[in-house]
Amino acid sequence: MDTLAPDLRTMVRTPLTEAHVAAMRRIGTERAYAAGAAVTALGAAQDRFQYVLEGELEAVDPVTGGRYGGASLGPGQFVGEISFLNDGKVMLASRACTDSVLLEVPRDAMLRLMADVPEMSDIIVTVFAARRRRLLESQQAALTLLGADRDRQIRQIAAFASRNRIPYRSLDLDDHEAEDIAQACALLPRHPAVIFGTDTVVEDPSPRKIARLLGIDMALGADHVFDVLIVGGGPAGIAAAVYAGAEGLSALVVEDLTIGGQAGTSSRIENYMGFPTGISGADLCWRGEVQAMKFGTRFAVPRRAVHVAPLDAGGFCVTLDDGEEVRTRAIVIATGVQYRKLPIPRLEEFEGAGVYYAATDVEARYCRNTDVVVIGGGNSAGQAAMFLSRSARHVHVLIRGDGLAASMSSYLSERLDRDPAITLHRRTQVTGLHGTDRLEEVTIRDGVMGQDWTLRTGAVFVMVGAAPNTGWLDGLVTLDDKGFVHTGPEVGGRSTYETSCPGIFAVGDVRAGSVKRVASGVGEGSVVISKVWEHVNAP
């Protein structure tokens, strides 16, 4: 199966050419660093691109303070990783091993140069992506989570970090290293916590605080006007982001949870063209995000649109959930759908503590060698069951009807039927959830036999479809009776994807009549930008 980036060992030392260095010299300055001096500090802003002319640098292990990964950077190499593209904070500090000289280019100027010189951009982005992959795989990240095995809030942060490709390491509270960290940070023994670096404790941690700490929530200037605001970071929104940047539009993507949306939770997509061995939804969407950032599109996570209003001078003002406002000339609605919740007693009480709406590596960690329940008969349920069957003792798929949904791909339904680790239970549903702090047992109603039975399980995955996420539009555009957005000439749109309000477009799952597939969402997001460009540049 394809992965998110090339291996670091093969790509990290790809050099820039003499022409590239000459171009950087015209817009940069040289700076000397004495041996032992800090070159970048953990958590600092990445306001410049740093290229090594003389000397030697090393990345600093955020846990031990020693050399990270046993490697160093010499002449011809450069500092940083993928967060440089989105104005994120430094995730791995660096220092000079010997007296060194660096060529430093202001970040904005470097991004413009990369846009003008694709060959240079390809080298830098590939190396940056490979370094992020190394950080993700190393389990030596600066962000440490203590107690995800017991605390719901820490698990939510772990899920947020994992799905947004944020490097972190997770320690159970009984680990000796967790005890050492707690003592060093003056924490209560066996107390859930989030630590950045070696001693910075994040008070009342939440996904938003982590995003702010790492600079991925993005502080928005009240006076800045974007050409297009893309609301939603699923496949359709990411495709729109790539093409908006490529067409020279200033674009911002806001996503309320994780880049990738519902597709990002898919453990394996096998029918997307170009990936014959399959690719996870998260990896596919992450590649698109990096591609969009390369063209200058910016991403803000987790930020949610709650209101939109037209401006007298033209364009729109979108209010976010923290009260911040974004001004834009056009809007692309790519909010997709939000997970439906079942009317089961205590459901919300166990969300994140045994009830989940996505099946990724984070959730699978808590299902190893246990029985798990997947509720639903569509593609998302089938993919979740296949993924979980690799680590769980057994997967019970509960289907309310007489069989799998007609929309499930045939290759997937055939695999479910053949897998001995998966049992399909037709005409069944969960009627009760039991446990104290965590889910421990479920009651299942067997509609065939007309009786109840219980199953000891700590994980129920709810995959029963979703509803359109359009409440924030406040009647500004025409919706159908299910809440999906109408587009096209029949509602006054000047093109296929324009809504009844000029300048507002809709693509992907949120659009009425769309085909609910990743490939079609990507196609719509790609095509819509030509009409956005026409609207923004109209006389």
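Rings of Phe, Tyr and Trp (its six-membered ring) count as a pair if their centres lie within 6.5 Å. With that in hand, Phe49, Phe78, Phe84 and Phe128 form one aromatic cluster. The model in these views is a predicted one.

**View 1. The whole chain, before zooming in, with its 14 helices and 28 strands.** The radius of gyration is 24 Å, close to the 24 Å that the globule rule gives for 539 residues, so the chain is as compact as a globular protein of that length. Measured out along its principal axes, the C-alpha trace spans about 80 × 65 × 45 Å. Of the 539 residues, 55% are buried. Take the contacts with a separation of 6 or more: 69% of them come from residues 24 or more positions apart. On the outside, the accessible surface comes to about 22900 Å², and carbon and sulfur atoms own 50% of that.

**View 2. Phe78 meets Phe128, one of the pairs in the aromatic story.** A search of the whole structure turns up 7 aromatic pairs. In this one the ring centres sit 5.8 Å apart and the planes are at 80°, so the pair is edge-to-face; the cut-off for that label is over 60 degrees. Phe78 comes from the loop between strand E5 (67-73) and strand E6 (94-96), while Phe128 belongs to helix H4 (residues 118-138), so the pair ties together parts that are 50 residues apart in sequence. How buried is each partner? Phe78 has 1% relative accessibility, so it counts as buried. Phe128 is at 0%, so it counts as buried too. Both rings also belong to the cluster that includes Phe49 and Phe84.

**View 3. Tyr356 and Phe461, a tilted pair.** Here the rings are 5.5 Å centre to centre, with 35° between the planes. Tyr356 is in strand E19 (residues 355-356) and Phe461 in strand E26 (residues 460-462), so this is a link between distant parts of the chain, 105 residues apart. Tyr356 counts as buried because its relative accessibility is 8%. Phe461 counts as buried because its value is 0%.

**View 4. An open sheet of 3 strands, in the order E23-E24-E25.** The pairing is antiparallel. Strand E23 (428-435) and strand E25 (451-456) are the edge strands, each pairing on one side only. From one strand to the next, the twist averages 25°. Look at E23 alongside strand E24 (residues 439-446): the two pair in the antiparallel sense over 7 bridges. Which residue in E24 stands opposite Leu433? That would be Val442.

**View 5. His20 and its neighbours in helix H2 (residues 18-27).** His20 sits in that helix, and its relative accessibility is 8%, so the residue counts as buried. What does His20 touch, leaving aside residues up to four places away in sequence? The contacts are Val117, Glu119, Met120 and Ile123.

Conventions: Residues are numbered from 1 along each chain as its sequence is written. This is a predicted model: local features need pLDDT of at least 70, side-chain atom pairs count only at pLDDT 80 or more; totals for chains, interfaces and linings use all residues. Side-chain values use heavy atoms; hydrogens and water are left out. Two strands pair if DSSP finds at least two bridges between them. Helices (H or I, at least four residues) and strands (E, at least two) are DSSP runs, numbered from the N terminus. Axes are lines fitted to C-alpha atoms, for helices over the stretch in contact, and angles run from 0 to 180 degrees between N-to-C directions. The radius of gyration is taken over C-alpha atoms; the globule rule is 2.2 Å times the number of residues to the power 0.38. Buried means under 20% relative accessible area, exposed over 50%, partly exposed in between (1.4 Å probe, protein chains only). Contact means heavy atoms within 4.5 Å. Accessible areas come from the Shrake-Rupley method with a 1.4 Å probe; for residues, only the protein chains shown count as cover. Rings of Phe, Tyr and Trp (its six-membered ring) pair if their centres lie within 6.5 Å; planes under 30 degrees apart count as stacked, over 60 as edge-to-face and the rest as tilted.
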